[in-house]
Amino acid sequence: MADRRWRRAGGAVIRVIAVWAVSTLTMLALAGILPDFRLQSEDGDTTTRTAFTAAWGAGAFGLLSALVWPVLVRALLIVPALVLGALVFFLNGSLLLIALSLIPDGRGDAAPETAVVVAAVMSAVASATSTAFAVRDDEAYRRRLSRLAYRRRRGGSAAPGGPGREGPPGIVFLQLDGVGHDVLVEAAAAGLMPTVADRLADSAGHRLTPWRTDWSSQTGASQLAILHGSNHDVPAFRWYEKETRTVMVSSRPASALEMQRRAIERTRDGGLLTVDGASRGNLFSGGAGELALVLSMAARRGRGRRSRAGYFAYFSDPANATRTALSFVAEVAREIGQSTRARARRTAPRIKRGGLYPFIRAFATVVERDVVVAAVLGDMFAGRTALYADLVAYDEVAHHSGPHSRDAEKVLERLDRSLALIARIADHTPRAYRIVLLSDHGQSPGETFAGAYGLTLEDLVRAGCGLPVPRRAQRTRSASEARDAVRIALHRPVEEQEGEHAAKPSDPIVLASGNLGLISFPDIEGRASREQIDRRHPALLSTLANHPGIGFLLVRSEEHGSVVLGPGGAEVPVAELTDGEGPLAVFGAGAAGAVRRTDTFPHVADVMVNSMYDPGTGAVHAFEEQIGSHGGLGGEQSRPFLLWPRGLSDPLDIMAAEAAEKGGTEGAPAPAGGGLVGAEAVHRVLTRWLQESSGPQVPVGAEDFAGTDPVDEPFPPRPPTESLPVADASDATGTPPPGRPRTLAPDATGTTA
């Protein structure tokens, strides 16, 4: 044992000396290349003296980076995350200037702008050298990657299992946002994702299955149900609530927080990650005690700051900051090059990708990816029981370049490398981990509605209502989680979209969620009926139903109940809907059940509009600026995947056992066509897997959250004990008791959302 400790100590000393030597050589090389950087006195020095000066400067810079940099970053918690990313270079350059000032006799000097360059290069070289030495020593590599975890876990309990990897395994749930089942299979077969391909091979011991989303095939609905067990009353990515006259948007912190609160009230359970869990890069917390880049927590005092701290934990290593900053710049250049090439080749369909989009894409594909992956590795070394992380890179690029584009394929390749790193590190963590890959939805290709027909859905609605229509079709800005995440990282309020407020109370509000449109009449109390709409706007419903870019409408009838309207006067009561017939015929199995379920939501729009779907090409028409879209029915968007190790129960067996025990799940969509149906079913599967791995999870009782202010702490930490009884609270049903109005948390603009 003593010999091993001495060997480790000796190896550490050798690595430090090696990094110091390489840094010294780098500093000497830069001094010879850069005119405003010198390591000699004005009269010149001998080679030995210059080398000594470089060694002194490199050592001082390395020591300052190790000791001062983490403290400096922690002191800047109030600075927006992306501003800190820009400050990284200047702060690093300042440390270099301080290091040069410590050299005896004033032999070190550099211009401020040159110091920034020298510091960036030296940090990158030192990081690469340290990693290269550590990779050859598994133990050293493990220790280096676990430093972040130890900082966050300092003062907490030891990781379960200890160095012998004993005890129950944990589970890492990695969500590949927007990657459909077929896209995953094709990418693996084409060699784009070798890590996934290995898992799909029989010898890897993994199984893959598609699952079917709800009508609202988007992250807000799917991830809310996956993490919190319910997406009841989430009809789309954004929707209008008449009683509060607000638009709920899944990517706004205040709206996400309210959605999470309602789900907790409905399920009376804190979430999938309540017991020793970590939530990374998600819209919702899942009840986790460890948070980083969680959108719903950005609306909370205290916890919002903790959630943003994921950026600072990552950037506390100057090498991380430098590498990510350089990759960010490279990604911006890559996007500009790709969009320029698409314009030159007249690629179709195509949308505008200028303005701030290159920076938004770089944030999603570089900054969020690096921070989330680093947080997951830290959680694994800390031995947490359940981790759920969302990697949004593919979804963001596929929206603008297309789900089957070469641009999107390149992103899949880089995502696979991140998966490979996580899988490799799992072999060195103090606790064994099972890695589950899944997606929240897929994406369906197709030209935008405005691109195909020269007008937006809002223009068509206004024309059907006899209202003025602009001569030129206005762009409907894409609903981008990454765009809103950038604004939050900059501490800027999330912008409202055009159309969220009617010019007149009688004007309709038209909202878009991929190829799903929602039309609301704010001056009609409750859900407007078909008869009310026909009396006010006789041509509207027929104009919409017979438009070639629209597949079907859902509207309530006073005489027949809710009905689905299609082209040619087709009309089918929702109660009589069947798959493969009527207006829903081309939308496949499960479409009728998904529409029936959404029809029961309190906040379903007055008119729900689903675009056309061509089963031959898989194309839909998004009502916003996206050539790869999701949010409604039609094609690959409704067919995400679940990939799990064979040691866990088959999801279909879990569902069959549940159905046999409970006789079905109230409110769940009918499992037409078989398979795993709905995000709520995925939640139950993941919960069962956690129980199989680590024992029963602890639900949060209704008494822990009933009647609390949504901007206060959501639920207290719970020790991992046996399941607790749930209190019978009349106000924990998802609907406020009589006399208590529904309240929404204020967003960053001071209004409720």
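This note sets out points on the confidence, the sheet and two helices of a predicted model.

1. Basis. Residues are numbered from 1 along each chain as its sequence is written, and side-chain values use heavy atoms, with hydrogens and water left out. In this predicted model, local features need pLDDT of at least 70 and side-chain atom pairs count only at pLDDT 80 or more, while totals for chains, interfaces and linings use all residues.

2. Confidence. The protein chain has a mean pLDDT (the predictor's confidence in each residue, from 0 to 100) of 79, and 73% of its residues reach 70 or more. Over residues 664-673 pLDDT stays under 50, and the model has 19 contacts (heavy atoms within 4.5 Å) beyond four places in sequence for them. Where pLDDT is low, the predicted coordinates should not be read in detail.

3. Sheet. Eight strands (DSSP runs of E, at least two residues, numbered from the N terminus) form an open sheet with mixed pairing (at least two DSSP bridges between two strands), in the order β8-β7-β9-β3-β10-β21-β4-β22. Its edge strands are β8 (290-292) and β22 (676-677), each pairing on one side only. Within the sheet, β7 (residues 277-280) and β9 (residues 386-391) run parallel and are joined by four bridges; arginine 280 stands opposite alanine 389 in β9.

4. Helix α8. Ten of the ten residues of this helix (H or I, at least four residues), residues 219-228, are buried (under 20% relative accessible area, 1.4 Å probe, protein chains only), so α8 is largely enclosed by the rest of the structure. At its N-terminal end, glutamine 218 acts as a cap, with a side-chain oxygen 2.7 Å from the backbone nitrogen of glycine 220. Glycine 229, just after α8, takes a positive phi of about 85 degrees.

Technical notes
Buried < 20%, exposed > 50% of the residue type's maximum accessible area, 1.4 Å probe, protein only. Polar contact = N/O pair within 3.5 Å; in protein donor to acceptor, adjacent residues only side chain to side chain.
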